[in-house]
Amino acid sequence: MPNQQAPIAASGRASSFYLFAQLALATGIALLAVPWIRIGGAAVPGFGFAAGWTDGTAKLAPSMTFLLGLLALGATLGFSVAWRRRGGASLVVAGSLVGAALLALAVLFTLFSPPKSLAGAPLALGWGSGAALVAFVAAFLLARTAAPADWRAELPDGVRPYFAKGPLASFALGISSGFPFAMIGATLTTRLAQTGIDKSTVTAFTLAILVYNFKFLWAWIVDSVPIPVLGRLGQRVSWLIVAGVLVVAATVNLALVVPDPANIWPTVTAAVLMGAAGATYDIVIDGYRIEVLQPHELGYGSGMSQYGWRIGSVAAGAIALVVAGQAGWTAGYAACAVFALPAILTGLIVGEPERHRPPAERRSVATVARGIWGPFVQFFAREGALIVLLFILVHKIGDTLANLTFRLLFNDLGFSNDEVAFYDVSLGFLAYMLGVFLGGVLYARMGMKRSVMLSLVLMAVSNLSFAALAAAGHSNIGMAGAIGFENIASGIGGVVVIAYFSALTDLRFTAAQYALISAGASIVGRFITGTTAGSLIKAMGYVDFYVFTTVIALPGVVLYWWMMRSGLVDRSIGSAGQER
């Protein structure tokens, strides 16, 4: 007679672990109420931080992302109780990860991007945040023990695809992709300003960011050239390690350079090297991301990559500022080198993508030359390749042109720094994250073609909301609506359009072709729209200007509609977008 005691005992242990996991999650939520932030000499409880806190002289604007994190944790706890027999432990696993990540991001984002009134206030974290984090980790480990081996299968249908291996890997890759941009973006601008560098001189550092637009020139190396010794790990994994090490070296180099107003060029050189290393890392990361995802996962993977990119860039910028305030800019930059590790660890843990298709071996000069031009020849040999490239170049001109001018509009309408910080930064960030999630869902439910078409229409129409705001004048409701609409549309577009661009690549030349596509998608906006926005506003006024940005977005919408009707969208897809 079979022994029934072992399954019963195992079930009892799982139930005990499940109960303790729920208690740990509830403890973590409760710990967020204790005074875990100190501003000056006053302690701020977590719930006070979420609702907005003031001591009469300084005000901390409420963090919408923090509130979202609390709601996510509370909902997770509630559903885990109600769905005890329907994968409740799996919900605690996923909720602990998502909720803790949202809360950690909210703390970094809000504390270290404060309203102007708090810019000089001493900020410190108390013990409550650390204890809450320990509770979340405990909840995750206990729930993972109680959950079945295939815990993802018991998650709700709308959430499950985000926790598959490919999308989770894309999230980690996005973190490492986002941090180099932060190092040479606003963070470096702050460092130079504090060093006394003249504002006009700071514009020289745009060269570092422009490097990203030319990464397709050396992307073929990542596809074609094997790494000695490390190459045994695979073409993609070995290049992840090498490019990651280059980014670490460039970060440390930028940390060691001391900006000198009398001789700024060593810092310019270090920043350009950082941009080149970051662009190379982007090439490898994009290639790995596309190949580790199955075609039906491209939407979810693009969304998780966008989440990771935002978290990596915001967290790296925040940590650099915090450490710099305590130990100087050299230590602040050096500390951020750790953000190169998630992509490297992902490559080592997940391994070489199964879908990677190495090009034919190259030995002679002629075959090496074909390796350089091969990715571009293969792309342009497809039917309608020039039309697809035209769409890539023009699809975001209207959106990019409008985005360059939002802060000018807010300033001219008389919005205060606190209002901009709350609506444009906090609310806008929350809306963007919501848009990213919706983008993944729409891509899965509507399919690639219809979801891309919808996103193009939304991004074009969203500019009209700023025309309405400009016509209405100073209106907090109008600003919230315009910012919310624009960021949701951008989040959706960022997922589904990136998924479409990823599907255009050939698995033999993934890195090189995606580098060409991503560079083409941004180069027109940066070189053309950046030089015309100000003069157009002066000539037309804000209302007509935003109507104009909607009009110039229409050719991209119409072109894609024609590509859909003619079947060119389907025929342009590369092997990366085709199910085996």
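Mentor: Let's start with a yardstick: buried means under 20% relative accessible area, exposed means over 50%, and partly exposed is anything in between, with a 1.4 Å probe and protein chains only. What you have here is a predicted model, where local features need pLDDT of at least 70, side-chain atom pairs count only at pLDDT 80 or more, and totals for chains, interfaces and linings use all residues. Residues are numbered from 1 along each chain as its sequence is written, and side-chain values use heavy atoms, leaving out hydrogens and water.

Trainee: Okay, is Lys449 buried, exposed or partly exposed?

Mentor: Lys449 pairs with Asp570 in a salt bridge, N to O at 3.0 Å (a side-chain nitrogen of Lys or Arg within 4 Å of a carboxyl oxygen of Asp or Glu). Asp570 belongs to helix H26 (residues 568–572) and Lys449 to helix H21, so the bridge ties together parts 121 residues apart in sequence. Helices here are DSSP runs of H or I, at least four residues long, numbered from the N terminus. The relative accessible area of Lys449 is 29%, so we call Lys449 partly exposed.

Trainee: And what is the relative accessibility of Asp570?

Mentor: Use the same yardstick on the other partner. Asp570 counts as partly exposed, because its relative accessibility is 45%.

Trainee: Which residues do salt bridges with shared partners join into one network?

Mentor: Look at one link in it: Asp286 and Arg289 meet at 3.7 Å, N to O. They sit three residues apart in helix H12, about one turn of the helix. Asp286 is buried at 12%, and Arg289 is buried too, at 2%. Shared partners make up a network of Lys215, Asp282, Asp286 and Arg289.

Trainee: How many salt bridges are there by this rule?

Mentor: You've now met two of the bridges, Asp570 with Lys449 and Asp286 with Arg289. The count by this rule comes to six.

Trainee: How far apart in sequence are the parts that Glu291 and Arg236 tie together?

Mentor: Glu291 and Arg236 form a salt bridge, with their closest N and O atoms 2.9 Å apart. Glu291 is in helix H12 (residues 265–292) and Arg236 in helix H11 (residues 235–256), so the tied parts are separated in sequence by 55 residues.

Trainee: Are Glu291 and Arg236 buried or exposed?

Mentor: Check each one on its own. Glu291 has a relative accessible area of 1%, so it is buried. Arg236 has a relative accessibility of 1%, so Arg236 also counts as buried.

Trainee: Now rings! How are Tyr500 and Tyr560 paired?

Mentor: The whole structure holds 11 aromatic pairs (rings of Phe, Tyr and Trp, the last by its six-membered ring, with centres within 6.5 Å; planes under 30 degrees apart are stacked, over 60 edge-to-face, the rest tilted). For Tyr500 and Tyr560 the centres are 5.9 Å apart and the planes stand at 75°, so the pair is edge-to-face.

Trainee: Which residues do ring pairs link into a cluster?

Mentor: Tyr500 is buried at 0% relative accessibility, and Tyr560 is buried at 0% as well. Ring pairs bring together Phe391, Tyr500, Phe501 and Tyr560.

Trainee: Are Tyr542 and Tyr546 stacked or edge-to-face?

Mentor: Tyr542 and Tyr546 are four residues apart in helix H25, about one helical turn. Tyr542 is buried at 17%, while Tyr546 is buried at 0%. Their ring centres lie 6.3 Å apart with planes at 15°, so the pair is stacked.

Trainee: Which residues does Gln306 contact, beyond its neighbours within four places in sequence?

Mentor: Gln306 lies in helix H13 (residues 298–327). At 16% relative accessibility, Gln306 is buried. Contact means heavy atoms within 4.5 Å, and with those neighbours set aside Gln306 touches Tyr432, Val436, Gly494 and Ile498.

Trainee: Same thing for Ser305: which residues does it contact, leaving aside neighbours within four places in sequence?

Mentor: Ser305 is also placed in helix H13. With a relative accessibility of 15%, Ser305 counts as buried. Its contacts beyond those neighbours are Ser170, Phe171, Gly174 and Arg289.

Terms used
Helices (H or I, at least four residues) and strands (E, at least two) are DSSP runs, numbered from the N terminus.
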